[in-house]
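Here is a quick briefing for anyone opening this structure for the first time. Have a look at the model, then read on.

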Amino acid sequence: MSRALIIFGLVLVAAGLLWPFIGRLGLGRLPGDIVIERPGFSLYFPLMTSLIISIVLSLVLWLVNR
């Protein structure tokens with residue numbers, strides 16, 4: 001369990017450091033991300049971005065545990 005938490009923490013740190021480059025790739029503005037803007041209210045739900053990040057993290061953790 002501790003190994004998984006350390007790896008998860010390192011992945012989060014790497015994602016934080018690489019965020020400016022990830023933003024340039026368009027991650028966070030994909031088709032499938034839900035954006036609702038109305039006067040005095042805005043909602044942003046990154047559905048497709050979350051799915052892609054989940055798949056990538058699942059693959060990375062699967063490879064690490066292999």
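Phe41 is partly exposed, because its relative accessible area of 46% falls between the 20% and 50% cut-offs. This residue sits in strand 2, which covers residues 41-45. Keep in mind that you're looking at a predicted model. The points below go from single residues to the overall build, and then to the largest pocket.

**Phe41 and its distance to helix 1**
- Along the chain, Phe41 and Ile22 are 19 residues apart.
- In space, their C-alpha atoms are separated by 27 Å.
- Ile22 belongs to helix 1, which runs over residues 2-24, and it turns up again among the residues that line the largest pocket.

**Two more residues in helix 1**
- Leu10 has its place in helix 1.
- With 54% relative accessibility, Leu10 counts as exposed, because the cut-off for that class is over 50%.
- From Leu10 to Pro31 it's 21 residues in sequence and 28 Å in space, taken C-alpha to C-alpha.
- Ala14 is found in helix 1 too.
- Ala14 has a relative accessible area of 35%, so it is partly exposed.
- Ala14 and Ser50 are 36 residues apart in sequence, and their C-alpha atoms are 17 Å apart in space.

**A buried residue in helix 2**
- Is Thr49, a residue of helix 2, buried or exposed?
- Thr49 is buried: its relative accessible area is just 4%, and buried means under 20%.
- Which residues does Thr49 touch, once its neighbours within four places in sequence are set aside? Its contacts are Leu27, Gly28, Arg29, Leu30 and Asp33.
- One of those partners, Leu27, also helps to line the largest pocket.

**The overall build**
- The protein has two helices and two strands.
- Reading from the N terminus, the order of these elements is α-β-β-α.
- Its C-alpha trace spans about 50 × 20 × 20 Å along the principal axes.
- The radius of gyration is 15 Å, whereas a compact globule of 66 residues would come out near 11 Å.
- Of the 66 residues in the protein, 9% are buried.
- Take the contacts with a separation of 6 or more: 16% of them join residues 24 or more positions apart.
- The accessible surface adds up to about 5600 Å², and carbon and sulfur atoms account for 74% of that.

**The largest pocket**
- How do you spot empty space in a model like this? Rolling a probe the size of a water molecule over the atoms shows where empty space is left.
- The largest pocket holds about 280 Å³ of space.
- Two elements give two or more residues each to its lining, namely helix 1 (2-24) and helix 2 (47-65).
- Which helix gives the most to this lining? That's helix 1, with seven residues.
- The lining includes Val11, Leu12, Ala14, Ala15, Leu18 and Trp19.
- Ile52, Ile53, Val56 and Leu57 are also among the lining residues.
- What classes of residue make up the lining of the largest pocket? There are 12 nonpolar residues, with no polar and no charged ones.
- Ala14 links two of these topics, as a partly exposed residue that is also part of the pocket lining.

How values were computed
Residues are numbered from 1 along each chain as its sequence is written. This is a predicted model: local features need pLDDT of at least 70, side-chain atom pairs count only at pLDDT 80 or more; totals for chains, interfaces and linings use all residues. Side-chain values use heavy atoms; hydrogens and water are left out. On a 1 Å grid over the protein atoms alone, a cavity is a set of points where a 1.4 Å probe fits but cannot get out, and a pocket is an open set with protein on both sides within 12 Å along at least five of seven lines; lining residues have an atom within 4 Å of a point. Grid points are joined across faces, edges and corners, and a volume is the space filled by probe spheres set on the points. Helices (H or I, at least four residues) and strands (E, at least two) are DSSP runs, numbered from the N terminus. Ala, Val, Leu, Ile, Met, Phe, Trp, Tyr, Cys and Pro count as nonpolar, Asp, Glu, Lys and Arg as charged, and the others, Gly among them, as polar. Buried means under 20% relative accessible area, exposed over 50%, partly exposed in between (1.4 Å probe, protein chains only). Contact means heavy atoms within 4.5 Å. The radius of gyration is taken over C-alpha atoms; the globule rule is 2.2 Å times the number of residues to the power 0.38. Accessible areas come from the Shrake-Rupley method with a 1.4 Å probe; for residues, only the protein chains shown count as cover.
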